[in-house]
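Welcome! Here is a friendly briefing for anyone meeting this structure for the first time. Have a look at the sequence and the model, then read on.

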Amino acid sequence: MLKIKKEVIEEIKRQGEEGYPYEICGFLIGEIDFENNIRTAVEAFQVENQNKERANDRFEIAPQDYLKVENYADQKGLMIVGIYHTHPDHPDRPSETDLRFAQPDMSYIILSVKNGKAENWRSWELINGKFQEEQVEII
């Protein structure tokens, strides 16, 4: 389950609209209750999409950006709890490419941005090698 601050989702929508027609990406920062499998996202941290050749339908995060965000979260006593990205003019469900790079114990928010306007979004988690839609509570 993902608990996410309303301000975080609004920020992701803003970033998605601003970055359209390209995929934007970033990290969800917060806390994880491993015992109850609950991730709480309190901040969105956008990073640059490193995939310049196919930025309209692929995203890639540089290892140094991952480390930068991990250090940032550590300094705040938090951790990376997920990754978000947009699907310009495509549905808010994971692609085969998304599945190839996914890791367990993370939330994956996908925001559909159509004609420059943020539309639907859903969160996914990797269970037994497959994405399953994750229950979300906006806090």
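Let us begin with Arg58: setting aside neighbours within four places in sequence, Arg58 is in contact with Glu23, Asn49, Asn51 and Thr97. Please keep in mind that this is a predicted model. The points below go by topic.

**Arg58 and its surroundings**

- Arg58 sits in the loop between strand E3 (38-47) and helix H2 (63-75).
- With a relative accessibility of 24%, Arg58 counts as partly exposed.
- One of the contacts of Arg58 is also polar: the side chains of Arg58 and Thr97 are joined by a polar contact of 3.4 Å.
- Pro88 is 30 residues away from Arg58 in sequence, and their C-alpha atoms are 9.9 Å apart in space.

**Asn49, a contact of Arg58**

- Asn49 is found in the loop between E3 and H2.
- Is Asn49 buried or exposed? Asn49 counts as buried because its relative accessibility is 8%, and the cut-off for buried is under 20%.
- The side chain of Asn49 reaches the backbone nitrogen of Glu60, at 3.1 Å.
- Beyond its neighbours within four places in sequence, Asn49 is in contact with Glu23, Cys25, Ala55, Arg58, Phe59 and Glu60.
- Glu23 thus appears twice, in contact with Arg58 and in contact with Asn49.

**The largest pocket**

- The largest pocket has a volume of about 620 Å³.
- Its lining is made up of 27 residues, and those nearest the centre are Phe59, Glu60, Thr97, Asp98 and Phe101.
- Two or more lining residues come from each of these elements: H2, strand E4 (79-88) and helix H3 (96-101).
- Which element gives the most to the lining of the largest pocket? That is E4, with four residues.
- Sorted by class, the lining of the largest pocket holds 13 nonpolar, eight polar and six charged residues.
- Two names from the earlier topics come back here: Thr97, the polar partner of Arg58, and Glu60, whose backbone nitrogen is reached by Asn49, are among the residues nearest the pocket centre.

**Aromatic pairs**

- How many aromatic pairs does a search of the whole structure find? The search finds three.
- One of them is formed by Tyr108 and Phe131, which meet edge-to-face, at 5.6 Å centre to centre and with 80 degrees between the planes.
- Tyr108 belongs to strand E5 (residues 107-114) and Phe131 to strand E7 (residues 130-133), so this pair ties together parts that are 23 residues apart in sequence.
- Tyr108 is buried, at 8% relative accessibility, and Phe131 is buried too, with a relative accessible area of 17%.

**Ile109 in strand E5**

- Ile109 has its place in strand E5.
- Ile109 is buried, since its relative accessible area is 1%.
- Not counting residues up to four places away in sequence, Ile109 touches Leu2, Ile4, Ile9, Ile12, Leu28, Ile83, Tyr84, His85, Trp121, Arg122 and Ser123.
- Ile109 and Gly82 lie 27 residues apart in sequence, with 7.7 Å between their C-alpha atoms.

**Asp105, between H3 and E5**

- Asp105 is placed in the loop between H3 and E5.
- At 46% relative accessibility, Asp105 counts as partly exposed.
- Leaving out neighbours within four places in sequence, Asp105 is in contact with Ile32, Arg39 and Val81.
- Asp105 and Ile127 are 22 residues apart along the chain, and 8.7 Å separates their C-alpha atoms.

**Backbone features to look up**

- Most residues other than glycine have a negative phi, and most peptide bonds are trans.
- Asp89 is not a glycine, yet has a positive phi of about 55 degrees.
- Asp89 lies in the loop between E4 and H3 and is partly exposed, with a relative accessible area of 37%.
- Asn128 also has a positive phi, near 50 degrees, in a residue other than glycine.
- The loop between strand E6 (117-127) and E7 holds Asn128, which counts as exposed at 77% relative accessibility.
- The peptide bond from Tyr20 to Pro21 is cis, with omega near 15 degrees.
- Pro21 is located in the loop between helix H1 (6-19) and strand E2 (25-33).

Conventions: Residues are numbered from 1 along each chain as its sequence is written. This is a predicted model: local features need pLDDT of at least 70, side-chain atom pairs count only at pLDDT 80 or more; totals for chains, interfaces and linings use all residues. Side-chain values use heavy atoms; hydrogens and water are left out. Rings of Phe, Tyr and Trp (its six-membered ring) pair if their centres lie within 6.5 Å; planes under 30 degrees apart count as stacked, over 60 as edge-to-face and the rest as tilted. Buried means under 20% relative accessible area, exposed over 50%, partly exposed in between (1.4 Å probe, protein chains only). Contact means heavy atoms within 4.5 Å. A polar contact is a pair of N or O atoms within 3.5 Å; within protein, one must be able to donate a hydrogen and the other to accept it, and residues adjacent in sequence count only if both atoms are side-chain atoms. On a 1 Å grid over the protein atoms alone, a cavity is a set of points where a 1.4 Å probe fits but cannot get out, and a pocket is an open set with protein on both sides within 12 Å along at least five of seven lines; lining residues have an atom within 4 Å of a point. Grid points are joined across faces, edges and corners, and a volume is the space filled by probe spheres set on the points. Ala, Val, Leu, Ile, Met, Phe, Trp, Tyr, Cys and Pro count as nonpolar, Asp, Glu, Lys and Arg as charged, and the others, Gly among them, as polar.
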